[in-house]
Amino acid sequence: MVFAAGLGTRLKPLTDTMPKALVRVGGQPLLWHVIMKLKAAGYERIVVNVHHFAQQIVDYLSANDNFGLDIRISDETSGLLETGGGIRKAMPLFDPASPILIHNVDILTGGLSLLCETRKAQRDCPLCEDAPHPDALLLVSERKTKRYLLFDDEMRLQGWTNIETGELRGRTGERRLAFSGIHVLWPTIFPLLEQMPERFPIMDFYLKVCADCLIRGYEQKDLRLLDVGKLDTLDQANEFITK
């Protein structure tokens, strides 16, 4: 699932006339970069949620014949549901027996291809359906940010902290790592998602259930990642894509 419903307020004035997903980097929309990465990794069904200038995204996908993939639209034009609510609404569009990979549309990374190559090559990879797996797996790395996820020494999620404000949610942990906006949910956790309200952030959900469910971090040591969330990151993004 690609999160593409956001208002993109930090990318104004570009997003005054288009959705964030269609802002171009390296000559192509952000959405194109994510879809091409997923397609190259072997994904065949993609769900894209839409809200802000939703029809532009629908038209863009249609004009490109969905890039030869089974692309389904989760329509949030009646109201944004945040990340957790967006997943909950889109659940009927997923295969109920398969894990779901979630990817923010404004995240550029080389890490996903590495993750998916590992998935194909190693039967003991935590993403493989026939291997023991957590209820959710969060791609994380050592990266400078204001907000961190906290894990124990077995990489089980314990809490969340904002080092700028000192806010702490949940419990402290031995490891402090930055979330990438890329994560995987397994069907074992779907029933709990269905019990949540219509609108909620997915991280609130993870923090709520992490004491009883296995929410793990997957640290990518060589993760190259750029959050294209602000105008001043667009030049960096073009350079990032070139490299």
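How are H1 and H2 oriented to each other, parallel or oblique? In this predicted model, a good place to start is helix H1, residues 30–40, together with helix H2, residues 54–63. Their axes come within 12 Å and cross at roughly 50°. An angle over 35 degrees but under 65 falls in the oblique class, and H1 and H2 are therefore oblique to each other. As for handedness, the crossing of H1 and H2 is right-handed.

Now let's look at the side chains between the two helices. H1 brings Leu 31, Trp 32 and Ile 35, and these meet Ile 57, Tyr 60 and Leu 61 of H2. Sorted by class, this contact has six nonpolar residues, with no polar and no charged ones.

From here, follow Leu 31 outward. Leaving aside residues up to four places away in sequence, Leu 31 touches Ile 57, Tyr 60 and Leu 61, and also Val 2, Ala 21 and Val 105. Leu 31 and Ile 57 are the residues with the most contacts inside the largest nonpolar core, which has 41 residues. Several elements give two or more residues to this core, including H1, H2, strand E4 (45–50), strand E8 (136–141), strand E12 (175–185) and helix H7 (234–242). The largest share, five residues, comes from H1.

There is one more core to find. Separate from the core just described, a second one of 33 residues has Met 91, Ile 100, Phe 151 and Leu 207 among its members. As general background, nonpolar side chains tend to be buried together in soluble globular proteins.

Key: Residues numbered from 1 in each chain as written. Predicted model: local features only at pLDDT ≥ 70, side-chain atom pairs only at ≥ 80, totals over all residues. Heavy atoms only, no water. Axes fitted to C-alpha atoms, helices over the stretch in contact; angles between N-to-C directions. Helix = DSSP H or I, 4+ residues; strand = E, 2+ residues; numbered from the N terminus. Parallel < 35°, antiparallel > 145°, perpendicular 65-115°, else oblique. Left-handed = near helix turned anticlockwise from the far one by under 90°. Contact = heavy atoms within 4.5 Å. Nonpolar A, V, L, I, M, F, W, Y, C, P; charged D, E, K, R; others polar. Core = buried A, V, L, I, M, F, W, Y, C linked by side-chain atoms within 4.5 Å. Buried < 20%, exposed > 50% of the residue type's maximum accessible area, 1.4 Å probe, protein only.
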